[in-house]
Amino acid sequence: MKEAPQGELVAIWLKRVRRGPMDPHQRARLLTGEGLEGDANRGSRKRQVTLIEEELWHSVQQELEAEVDPTCRRANLLVRGVSLAHHRGEVLQVGSCSLKIWGETRPCRLMEETHGGLQAALDPDWRGGVFATVEEGGEIEVGDAVAWSP
């Protein structure tokens with residue numbers, strides 16, 4: 001059996017308060033059924049953790065012809081080397097943890113407030129990332145392997 005391609009966890013961000021700044025962390029704890037420990041959105045039903053792809057973020061920056069900090073997207077995790085689009089219902093392994101993808105994170109007007117054109121640039125084909133629940137929690141750290149469960 002062929003092994004699934006593996007990616008990497010590039011960044012972790014937590015919000016202290018809703019609509020507050022995104023604080024970078026080297027490591028964090030995912031709580032089963034809740035989300036990221038210390039994050040203002042913890043326990044938000046099916047939107048416990050949000051993820052974006054580094055490769056798509058670079059595409060958005062090229063389209064905008066601007067260097068835009070990925071924290072403007074307000075996602076919790078930035079991954080590289082794994083496509084997140086169209087994986088609704090699938091399980092993503094991040095280190096020893098499991099995240100079930102529930103859907104596409106649609107860009108909102110807050111994206112436009114942070115950078116003109118960002119909302120429209122994130123709109124097509126899941127470029128705004130995905131939201132997930134924590135199926136199996138534990139510690140995660142920047143550099144952890146990321147891959148789809150078989």
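This is a short talk on the strands, the largest pocket, the cysteines and a few single residues of one predicted model.

Let me start with strand β5, which covers residues 49–53. Five of the five residues of β5 are buried, so the strand is largely enclosed by the rest of the structure. If you look at the directions of the side chains, Val49, Leu51 and Glu53 point one way from β5, while Thr50 and Ile52 point the other way, and all of them are buried. Please note that Glu53 is in that buried set as well.

What does β5 pair with? On one hand there is strand β9, residues 130–136, which is joined to β5 by three bridges and runs antiparallel to β5; in that pairing, Leu51 stands opposite Val130. On the other hand there is strand β6, residues 77–80, which pairs with β5 in the parallel sense, again over three bridges; here Leu51 stands opposite Leu77. Leu51 therefore serves as a useful place to begin when you trace this part of the model by eye, since Leu51 is itself buried in a strand whose five residues are all buried.

From β9 we can step across to β8, because β8 and β9 are joined by six bridges and run antiparallel, where the pairing strands are those for which at least two bridges are found. Within this pairing, Gly103 of β8 stands opposite Phe131 of β9. Strand β8 spans residues 97–104 and is mostly covered, with six of its eight residues buried. Strand β8 also pairs with strand β7, residues 91–94, in the antiparallel sense over four bridges, and one of the facing pairs there is Gln93 with Ser98. Together β7 and β8 form a hairpin with two residues between the strands, and Gly95, in the turn, has a positive phi of about 60°.

There is also an open sheet of three strands, in the order β4-β3-β10, with antiparallel pairing. In this sheet β4 (35–36) and β10 (138–141) stand at the edges, and each has a single partner strand, so one side of each is left without a neighbour in the sheet. Strand β3, residues 27–31, pairs with β10 over four antiparallel bridges, and the bridge partner of Arg27 in β10 is Glu141.

How buried or exposed is Glu141? With a relative accessible area of 31%, Glu141 is partly exposed. Leaving aside neighbours within four places in sequence, Glu141 is in contact with Leu9, Ile12, Gln26 and Arg27, so Arg27 appears both as a contact and as the bridge partner. The C-alpha atoms of Glu141 and Arg29 are separated by 8.8 Å, although the two residues lie 112 residues apart along the chain.

Let me turn to the largest pocket, which holds about 290 Å³ of space. Of the 18 residues that line this pocket, the closest to its centre are Lys15, Asn41, Arg47, Arg74 and Leu110. By class, the lining has four nonpolar, six polar and eight charged residues.

Where does Asn41 sit in the fold? Asn41 is found in the loop between β4 and β5. Not counting residues up to four places away in sequence, Asn41 touches Lys15, Arg18 and Arg47, and Lys15 and Arg47 are also among the lining residues closest to the pocket centre. The C-alpha atoms of Asn41 and Asn76 are 10.0 Å apart, with their positions 35 residues apart along the chain.

For the cysteines, a search of the whole structure finds zero disulfides. Cys108 is accordingly in no disulfide, and the nearest cysteine sulfur, that of Cys72, is 12 Å away, whereas a disulfide would need the two sulfur atoms within 2.5 Å. As for exposure, Cys108 counts as partly exposed because its relative accessibility is 36%, while Cys97 counts as buried because its relative accessibility is 0%.

One last residue is Gln61, in helix α1, which runs over residues 54–64. Is Gln61 buried or exposed? Gln61 counts as buried because its relative accessibility is 11%, and the limit for that class is under 20%. Apart from neighbours within four places in sequence, Gln61 is in contact with Ala66, Glu67 and Val68.

Definitions and conventions: Residues are numbered from 1 along each chain as its sequence is written. This is a predicted model: local features need pLDDT of at least 70, side-chain atom pairs count only at pLDDT 80 or more; totals for chains, interfaces and linings use all residues. Side-chain values use heavy atoms; hydrogens and water are left out. Buried means under 20% relative accessible area, exposed over 50%, partly exposed in between (1.4 Å probe, protein chains only). Contact means heavy atoms within 4.5 Å. On a 1 Å grid over the protein atoms alone, a cavity is a set of points where a 1.4 Å probe fits but cannot get out, and a pocket is an open set with protein on both sides within 12 Å along at least five of seven lines; lining residues have an atom within 4 Å of a point. Grid points are joined across faces, edges and corners, and a volume is the space filled by probe spheres set on the points. Ala, Val, Leu, Ile, Met, Phe, Trp, Tyr, Cys and Pro count as nonpolar, Asp, Glu, Lys and Arg as charged, and the others, Gly among them, as polar.
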